[in-house]
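Welcome! Let us take a friendly walk through a protein chain, one step at a time, starting with the idea of being buried.

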Amino acid sequence: MNGCTLCTEDLDHCHDVSVEHADGSTECLDSTCRLSHELHEWQLSCAALEPPCPCVPEEAEPPLLLAA
């Protein structure tokens, strides 16, 4: 059987992206999701968005890109 183990086990999780802002607040790209940042399959800083989120300080270091 293919699929998500967390779905199969009926555990709380989200397959969408949770974005963490400079002030520490988080939001899921699924506006109906109310799960915490840690329960998301994909987690990233808003500084990694293109263009970066307006809350990112201008002096912030650009995010590092991972080499494949």
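A residue is called buried when its relative accessible area is under 20%, exposed when that area is over 50%, and partly exposed in between. Keep those cut-offs in mind, because Cys28, at 13% relative accessibility, counts as buried by them. Please also remember that what you see is a predicted model.

Let us begin with the whole chain. It holds 1 helix and 3 strands, and from the N terminus on the elements follow the order α-β-β-β. Of the 68 residues in the chain, 21% are buried. The chain exposes about 5,700 Å², and carbon and sulfur atoms supply 55% of that area. If you consider the contacts with a separation of 6 or more, 40% of them come from residues 24 or more positions apart.

Now look at the strands. How are they ordered in the sheet? The 3 strands form an open sheet with the order S2-S1-S3 and mixed pairing. S2 and S3 each have a single partner strand and stand at the edges, so one side of each is left without a neighbour in the sheet. On average, neighbouring strands of this sheet are turned by 25° against each other, direction ignored.

The mixed pairing becomes clear when you take the two pairs in turn. Strand S1 (residues 14-20) and strand S3 (residues 40-45) run parallel and are joined by 5 bridges. With strand S2 (residues 26-28), S1 runs antiparallel, and 3 bridges join the two. Glu20 is a handy place to see both pairings: its bridge partner in S3 is Ser45, while its bridge partner in S2 is Thr26. S1 and S2 also form a hairpin with 5 residues between the strands, and there Gly24 takes a positive phi near 90°.

Next, find Ser18, which has its place in strand S1. Is Ser18 buried or exposed? At 1% relative accessibility, Ser18 counts as buried, because the cut-off for buried is under 20%. Its bridge partner in S2 is Cys28. Leaving out residues up to four places away in sequence, Ser18 touches Thr26, Glu27, Cys28, His37, His40, Trp42, Gln43 and Leu44. With one of these, His37, the side chain of Ser18 makes a side-chain polar contact at 2.6 Å.

That contact takes us to His37, found in the loop between S2 and S3. His37 has a relative accessibility of 11% and counts as buried. Apart from its neighbours within four places in sequence, His37 is in contact with Ser18, Val19, Glu20, Thr26, Gln43 and Leu44. You can also trace from His37 back to Ser25: the two are 12 residues apart along the chain, and their C-alpha atoms are separated by 9.2 Å.

Let us turn to the cysteines. A disulfide is a covalent bond between the sulfur atoms of two cysteines. To count one here, the two sulfur atoms must lie within 2.5 Å of each other. How many disulfides does this rule give? The count comes to 0. For Cys4, the nearest cysteine sulfur is that of Cys7, 3.8 Å away, so Cys4 is in no disulfide under the 2.5 Å cut-off. Cys28 is in no disulfide either, and its nearest cysteine sulfur, that of Cys14, is 3.8 Å away. The surroundings of Cys4 and Cys28 can be described too: Cys4 is partly exposed, with a relative accessible area of 23%, whereas Cys28 is buried at 13%.

Finally, let us visit two spots in the backbone. Most residues other than glycine have a negative phi, and most peptide bonds are trans. Where does the chain depart from the first of these habits? Asp10 has a positive phi of about 55° although it is not a glycine. Asp10 is found in the loop between helix H1 (5-8) and S1, and with a relative accessible area of 69% it is exposed. For the peptide bonds, look at the step from Glu50 to Pro51, which is cis with omega near 0°. Pro51 lies in the segment after S3.

Conventions. Residues numbered from 1 in each chain as written. Predicted model: local features only at pLDDT ≥ 70, side-chain atom pairs only at ≥ 80, totals over all residues. Heavy atoms only, no water. Pairing = 2+ DSSP bridges. Helix = DSSP H or I, 4+ residues; strand = E, 2+ residues; numbered from the N terminus. Buried < 20%, exposed > 50% of the residue type's maximum accessible area, 1.4 Å probe, protein only. Axes fitted to C-alpha atoms, helices over the stretch in contact; angles between N-to-C directions. Contact = heavy atoms within 4.5 Å. Areas by Shrake-Rupley, 256 points an atom, 1.4 Å probe, with all protein chains shown as cover. Polar contact = N/O pair within 3.5 Å; in protein donor to acceptor, adjacent residues only side chain to side chain.
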